[in-house]
Amino acid sequence: MRFFFKTYYFFVTLFLPIAGILLAKKTEIEKVFLLKQCSRFCHDKGCLHGSLLPDFLASNTGLFGNTIGFLQKAGFALEELGLPLGTGYGAANLIIFCLIPPVLHLIMFFLTRRLLK
Ligand SMILES: [Zn+2]
């Protein structure tokens, strides 16, 4: 059981964020439109490829669009709190996707250790 939890926490807390950073760095250099796959161009300018996911997940009115809308609102709120204009959206992304999940996993890791003793 301990091996399972150690493997889980290693994978979720360390491996996934590092893999995400490496993937983001790879797509960062592909800012041109690629015919056969999505690139940073799709993120920045809008995707012209056919969606592989259903609309309730991938459309602008589905989970993807709602998430982007929430991040924009959170970014505006952060800018009203004092962040420079134009930096709130990025800061909201970092806080919600890069700061909160690792902190939650670290808390869960220590709770799990305490329960397994
Ligand atoms: Zn695309």
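**Entry 1: the crossing of H4 and H5**

I began with the handedness of one helix pair in this predicted model, and found that H4 passes H5 in a right-handed crossing. I then looked up the geometry of the pair: the axes of helix H4, residues 63–80, and helix H5, residues 88–116, come within 7 Å and cross at roughly 110°. Since angles of 65 to 115 degrees count as roughly perpendicular, I noted that H4 and H5 are therefore roughly perpendicular to each other.

Next I listed the residues that make up this meeting of helices. On the H4 side I wrote down Leu71, Gln72, Ala74, Gly75, Phe76, Leu78 and Glu79, and on the H5 side Gly88, Tyr89, Ala91, Ala92, Asn93 and Ile96. Sorted by character, the residues of the contact of H4 with H5 come to eight nonpolar, four polar and one charged.

**Entry 2: Gly75**

I followed one residue of that list, Gly75, which lies in helix H4. Is Gly75 buried or exposed? I found 20 other C-beta atoms within 10 Å of Gly75, so I entered the residue as buried, the cut-off for that class being 20 or more. Once its neighbours within four places in sequence are left aside, Gly75 is in contact with Gly88, Tyr89, Ala91 and Ala92, and each of these four names also stands in my list for the H5 side. I also took a distance to Leu63, which is 12 residues from Gly75 in sequence and 18 Å from Gly75 in space, C-alpha to C-alpha.

**Entry 3: Phe15**

For a second residue I turned to Phe15, which lies in helix H1, residues 2–28. Phe15 has 12 other C-beta atoms within 10 Å and is therefore exposed, the limit for that class being 12 or fewer. From Phe15 to Pro54 I noted 39 residues in sequence and 28 Å in space, C-alpha to C-alpha.

**Entry 4: the whole chain**

I closed with the protein as a whole, whose secondary structure comes to five helices and zero strands, the order from the N terminus being α-α-α-α-α. The radius of gyration is 18 Å, well over the 13 Å that the globule rule gives for 117 residues, so I recorded the protein as more spread out than a compact globule. The C-alpha trace spans about 50 × 40 × 30 Å along its principal axes.

How many of the 117 residues count as buried? I noted 3%, Gly75 being a buried residue. Finally, among contacts with a separation of 6 or more, I found that residues 24 or more positions apart account for 22%.

Terms used: Residues numbered from 1 in each chain as written. Predicted model: local features only at pLDDT ≥ 70, side-chain atom pairs only at ≥ 80, totals over all residues. Helix = DSSP H or I, 4+ residues; strand = E, 2+ residues; numbered from the N terminus. Rg over C-alpha atoms; globule rule 2.2 N^0.38 Å. Contact = placed C-beta atoms within 7 Å. Axes fitted to C-alpha atoms, helices over the stretch in contact; angles between N-to-C directions. Parallel < 35°, antiparallel > 145°, perpendicular 65-115°, else oblique. Left-handed = near helix turned anticlockwise from the far one by under 90°. Nonpolar A, V, L, I, M, F, W, Y, C, P; charged D, E, K, R; others polar.
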